[in-house]
Structures are given as structure tokens and as C-alpha cells.
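Trainee: I have a model open and would like to learn how to read its features. Could you walk me through a few of them?

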Amino acid sequence: MLTKPKILIVCGTRPEIIKLAPVYHFLRRQTWCEVQWLHTGQHQEMAEQILACFDITPDIVLSRAGSSLSEFSIACRQQLDVVMESNTWGAVIVQGDTESAFLGGLSAFYQRIPIAHVEAGLRTYDLTRPFPEEGLRQMLSRITHFHFPPTEGGKNALIKEAIPVKNIYVTGNTVVDAQKWVIKKYNIYKAITSGRNILVTMHRRENWGSDIEEACMAIASLAKTHADLKVIFPVHLNPIVQKSVDPILGGLANVTLTRPFGYLEMQQAIANAWLILTDSGGIQEEAPTFHVPVLVLRRETERPEAVHAGCAKIIGTSGAAIIDEVNALWKDAGLYESMKPSSNPFGDGHASERISEVLKSQLSH
């Protein structure tokens, strides 16, 4: 009798949970493998909320130690090694570019367990932007066996780095699988709203300080110019971000500053938006599902597919650029319609199925 391969999913942050949840649910329905979910504890309260949203109860939960990233990393790695040694794992699945993903991959590598990297091949080739994520995902690629880039662009980046083509499988992005799952389960759809909603998110470390402040000044100017513009800005809990945002935007009648949204709240906010201004990579991927154009408040993106498709535009954080770009879309209906995506360039909602098929063909003998 053949033994079913055991697959371990390792993750610890909110974005990882969102993007691995559909993979987990798909694998659990299969008869050829057994799957377990390990939560590293990198995010705690946020992670618990999103795990509940996706009906996931982790099989293994590590204890978070210390408050710094280095203290977390040391304790996490020690506990991961115990888990890796305690079972005969057929593969370890990690996602993206977090500390949890890198530690999960590194621990598996030392035990000679094949690593499956979901969302492989994203690159800016600037190790400082985003930091430390760009370094983590490049390092993960050196030790990964199953590379699952979401798009051909990711595949091409990996090929240029001498990753064997036979180990690269383009799957689409699992974020679209996750969106389709929650849209159906929680009945998310575009609400009828008066005026035009602009959803704003800014949190990236490289934008802290003067860049966020300049962007906020531009948003304040737009809010004062257009009375029927409604700005919704879920402000990151980091005091550095709040100190930049609150004094500039806090007193305007048509600007709503809120606490950070939960996943379902954010999906509904994206669905309701006329336009999105963001420095978030995840929102660049999610907005096309709801046919919403995006202005990217960064100098570069590791997700160029939306830019190439015409539904996103990189504009940086210059106040003049923000005002000019929003006003152009405000005044020109044809320009706005040309930026509205008809489909999501990052995926079709079947990435989890493709990942499962690859692992089944390679692991079940």
C-alpha cells in the first residue's frame, strides 16, 4: 500500500494566510496527500482573524518569543527544526517573502525536504525596496525545488537566475482564488454609492516620513477641490504613519480615516472604490478582480503585470503627480474606462488546482 505524502504549509502573516488558504482547502479535498497547517505566530491577532475568516484551525502553532524580528527568528527556527525532524514530510509549502516563509524554507532545506514556493519570481532587483522582502525572496529561490510563479514575468525572472525550467510552473496568483472564495462565502459585491470613493493605503517603510506627508497633502488638495469625492483611508497602526497622516487629513469632511480594515472589510472597500491609491503589493493584485484602476504610490513594483495590462500606473509619491493623475481620470471618462480592467492579469482563480496537480505528479508514487 502506497503511503500518502505529507505536506506541511508554513506561514505566519496575514498576507501568507490569505494566499495559502485556498491551497490548503484544495489539498484537503484530495485523496492523494495529507496536509497540515503550521502557524509561526509572526502575526498574532491579525492572523487569528484571517484564519477564522478562511475557516482554518492550524494543526501546529509555534510560540512567539521576543519583540524584535531577530528574537522571533531565532526561536521560530528552533521550533521549526523540531517539527521538520518529527515527521517524514514530502514537501513544505511557503509563500511570498516574509520572515516566516524564509525560515520555513531554510529549515526544510536543512532537512533535505523539497520546498514549494508559492508566488515565486517576484523581483524589483533593489535590495532596499522593499526591505527586507526583496532579499528574502531572492534567497528563497536559491533553495526552492518547486517554483510557482504567478505569471510568465515571474517565470522569466527565475530563468534569468539559472533556475532549471523543469522546476518552474506558472500557476496564476492564489490571491484570486482567495477572493473568489470569500466573494462567494460572504456575498461581497459593489454597493451603490453616491459620489466617487477613492481608497487610499500607505504603509511601506520606504515611504515613511516626507513621502507619506507629500501624498497626504495632495489628497487633501483633491478632497477640497472635489466636493463629491469621498476618501477612505485605513491608517496603519504604526505611530510613524499616523503622525504623518492624521494632522494633514484628519479635519476634512469628505476624508474618513479609520483603523486598518480586516480582510473582508478591505475586499468590500476595494469593490466600492472608483479609484485606489496605494503602495500595497497585495491591493495591486486584488483590485482588478473588482475592475478598479490603481495608481501605485511607489517608484517601482514587483507586480508589473497590472501596469502592462493598463489597469495600474506607477506614479510615486510626488504631490503634483498624484493631483495630475487623479484629476485626469476625474475629467476624462474615456481615460478612466481604458484603465478599468475587464479581467485580473494575475490569475483566473484556479492556481491552487495547478499547484496540487504539480505536487501530485511529483510526490505521489
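Trainee: Let's begin with two helices: which residues in helix 8 meet helix 13, and which residues in helix 13 do they meet?

Mentor: Happy to help, and please keep in mind that this is a predicted model. On the helix 8 side you will find Glu214, Ala215, Ala218, Ser221 and Leu222, and they meet Gly319, Ile322, Ile323, Val326 and Asn327 of helix 13. Sorted by class, this contact has six nonpolar, three polar and one charged residues.

Trainee: At what angle do the axes of helix 8 and helix 13 cross?

Mentor: They cross at roughly 35°, and the axes of helix 8 (residues 210-225) and helix 13 (residues 319-331) come within 8 Å. The crossing of helix 8 past helix 13 is right-handed.

Trainee: Now for sheets. In what order do the strands of the sheet that includes strand 7 lie?

Mentor: The general idea comes before the case. Strands in a sheet are paired by backbone hydrogen bonds, in a parallel or antiparallel way. Here, six strands make an open sheet in the order 9-8-7-10-11-12, and the pairing is parallel. Strand 9 (255-258) and strand 12 (312-314) are at the edges with a single partner strand each, so one side of each has no neighbour in the sheet. On average, neighbouring strands of this sheet are turned by 20° against each other, direction ignored.

Trainee: How many bridges hold strand 7 and strand 10 together?

Mentor: Four bridges, in the parallel sense, pair strand 7 (residues 196-201) with strand 10 (residues 275-278). To find your place in that pair, look for Val200, which stands opposite Leu277 in strand 10.

Trainee: And which strands of this sheet does helix 13 touch?

Mentor: Helix 13 packs on the sheet and touches strand 7, strand 8, strand 10, strand 11 (294-296) and strand 12. Its direction makes about 170° with that of strand 10. Helix 8 lies across strand 7, strand 8, strand 9 and strand 10, and runs at about 150° to strand 8.

Trainee: How about empty space: which residues line the largest cavity?

Mentor: The idea is to roll a probe the size of a water molecule over the atoms, which shows where empty space is left. In this model, the count is one cavity of 30 Å³ or more, and the largest cavity has a volume of about 30 Å³. Its lining consists of Ile198, Ile219, Leu222, Leu229, Val231 and Leu277. By class, that lining has six nonpolar, no polar and no charged residues. Helix 8 and strand 8 (229-234) each give at least two residues to it. You have met two of these residues already: Leu222 is part of the contact with helix 13, and Leu277 stands opposite Val200.

Trainee: What about open space: which residues line the second largest pocket?

Mentor: The second largest pocket holds about 220 Å³ of space. Pro22, His25, Phe26, Arg29, Asp177, Lys180, Trp181, Gly349, His350, Ser352 and Glu353 line this pocket. They divide into three nonpolar, four polar and four charged residues. Helix 1 (14-28), helix 7 (174-186) and helix 15 (351-363) each contribute at least two residues to the lining.

Trainee: There is another sheet, too. What is the order of strands in the one that includes strand 1?

Mentor: The order is 3-2-1-4-5-6 in an open sheet of six strands, with parallel pairing. Its edges are strand 3 (60-61) and strand 6 (146-148), each of which pairs on one side only. Strand 1 (residues 6-11) runs parallel to strand 2 (residues 34-39), joined by six bridges. Val10 has Leu38 of strand 2 as its bridge partner.

Trainee: One last stop, the backbone. Where does Pro130 lie, and what kind of peptide bond joins Arg129 to Pro130?

Mentor: Pro130 is in the loop between strand 5 (115-118) and helix 5 (133-143). The bond from Arg129 to Pro130 is cis, with omega about -5°. Pro132 lies in the loop between strand 5 and helix 5 as well, and the peptide bond from Phe131 to Pro132 is cis with omega near 5°. Look also at Glu119, in the loop between strand 5 and helix 5: phi of Glu119 is near 70°, a positive value in a residue other than glycine.

Key:
Residues are numbered from 1 along each chain as its sequence is written. This is a predicted model: local features need pLDDT of at least 70, side-chain atom pairs count only at pLDDT 80 or more; totals for chains, interfaces and linings use all residues. Side-chain values use heavy atoms; hydrogens and water are left out. On a 1 Å grid over the protein atoms alone, a cavity is a set of points where a 1.4 Å probe fits but cannot get out, and a pocket is an open set with protein on both sides within 12 Å along at least five of seven lines; lining residues have an atom within 4 Å of a point. Grid points are joined across faces, edges and corners, and a volume is the space filled by probe spheres set on the points. Ala, Val, Leu, Ile, Met, Phe, Trp, Tyr, Cys and Pro count as nonpolar, Asp, Glu, Lys and Arg as charged, and the others, Gly among them, as polar. Two strands pair if DSSP finds at least two bridges between them. Axes are lines fitted to C-alpha atoms, for helices over the stretch in contact, and angles run from 0 to 180 degrees between N-to-C directions. A crossing is left-handed if the near helix is turned anticlockwise from the far one by less than a right angle, and right-handed if clockwise. Contact means heavy atoms within 4.5 Å.
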